[in-house]
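Me: I am new to this structure and should like to learn how to read its features. May we go through them one at a time?

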Amino acid sequence: GYFRDAGLIEKALEFSISNSVRMQDSFVINARAAANPFAAELLWRWTKAKWSLLKKRYGSGTHMLGRYVSALGSIKSIKTKKDIERFFASKENWRDDIKLALRQTLEQIEINHRLIEFNKEMAHGEK
């Protein structure tokens with residue numbers, strides 16, 4: 001998940017949901033990719049594309065689905081945050097077991113964005 005190459009990151013994410021990886025270990029690559037600054041937006045696109053599969057794979061009795069949502073907390077873009085909000089506002093994409101993870105993830109994205117903006121202002125001597 002720490003590759004700079006988007007193609008390799010995507011291959012790793014696909015591998016994570018293959019039959020070669022035990023279900024209880026499958027979120028680990030996703031979580032590692034979340035720590036990769038080159039992977040944040042790609043991680044959202046992948047999660048969105050695979051969401052139906054992930055929902056089927058991880059029943060509401062597990063804690064796993066929320067981990068995929070939590071991994072999105074590395075995103076810094078308000079535009080992507082709004083896309084995430086719209087996506088999960090849809091009844092077909094929502095599940096009660098992701099409620100806390102989603103709230104925390106959206107808050108983290110907001111914090112990330114504000115920190116970036118603050119640092120830009122400080123670099124330009126605006127504060």
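Reply: Certainly; let us begin with the charged side chains. The model is a predicted one, and a search of the whole structure finds nine salt bridges in it.

Me: Which residue meets Lys 48 in a salt bridge?

Reply: A salt bridge requires a side-chain nitrogen of Lys or Arg within 4 Å of a carboxyl oxygen of Asp or Glu. Here the partner of Lys 48 is Asp 83, with 2.8 Å from N to O. Lys 48 belongs to helix 3 and Asp 83 to helix 5 (residues 78-89), so this pair ties together parts that lie 35 residues apart in sequence.

Me: Let us turn to helix packing. At what angle do the axes of helix 1 and helix 2 cross?

Reply: Helix 1 covers residues 6-16 and helix 2 residues 27-34; their axes come within 7 Å and cross at roughly 150°. Angles over 145 degrees count as roughly antiparallel, and therefore helix 1 is roughly antiparallel to helix 2. The contact involves Ala 12, Leu 13, Phe 15 and Ser 16 on the side of helix 1, and Ile 29, Asn 30 and Ala 33 on the side of helix 2.

Me: Is the crossing of helix 1 and helix 2 left-handed or right-handed?

Reply: The crossing of these two helices is left-handed.

Me: How do helix 2 and helix 3 run relative to each other, roughly parallel or roughly antiparallel?

Reply: The axes of helix 2 and helix 3 (residues 40-57) come within 9 Å and cross at roughly 150°. The two helices are therefore roughly antiparallel to each other. Their crossing is left-handed. Asn 30, Ala 33 and Ala 34 of helix 2 make the contact with Leu 43, Trp 46 and Thr 47 of helix 3.

Me: What is the angle between helix 1 and helix 3?

Reply: Helix 1 and helix 3 pack at about 10°, and their axes are 11 Å apart. Angles under 35 degrees count as roughly parallel, so helix 1 is roughly parallel to helix 3. In helix 1, Ala 6, Ile 9, Glu 10, Leu 13, Glu 14 and Ser 16 meet Leu 42, Leu 43, Trp 46, Lys 50 and Arg 57 in helix 3.

Me: Finally, the surface. Which residues make the nonpolar surface patch of about 290 Å²?

Reply: Such a patch joins nonpolar side chains within 5 Å of one another. In this model, Leu 115, Phe 118 and Met 122 make the patch of about 290 Å². Leu 115 is placed in helix 6, which spans residues 99-123.

Definitions and conventions: Residues are numbered from 1 along each chain as its sequence is written. This is a predicted model: local features need pLDDT of at least 70, side-chain atom pairs count only at pLDDT 80 or more; totals for chains, interfaces and linings use all residues. Side-chain values use heavy atoms; hydrogens and water are left out. Patches are made of residues with over 30% relative accessible area and no salt bridge: like charges are joined within 9 Å, nonpolar side chains (Val, Leu, Ile, Met, Phe, Trp, Tyr) within 5 Å. Accessible areas come from the Shrake-Rupley method with a 1.4 Å probe; for residues, only the protein chains shown count as cover. Helices (H or I, at least four residues) and strands (E, at least two) are DSSP runs, numbered from the N terminus. Axes are lines fitted to C-alpha atoms, for helices over the stretch in contact, and angles run from 0 to 180 degrees between N-to-C directions. Angles under 35 degrees count as roughly parallel, over 145 as roughly antiparallel, 65 to 115 as roughly perpendicular and the rest as oblique. A crossing is left-handed if the near helix is turned anticlockwise from the far one by less than a right angle, and right-handed if clockwise. Contact means heavy atoms within 4.5 Å.
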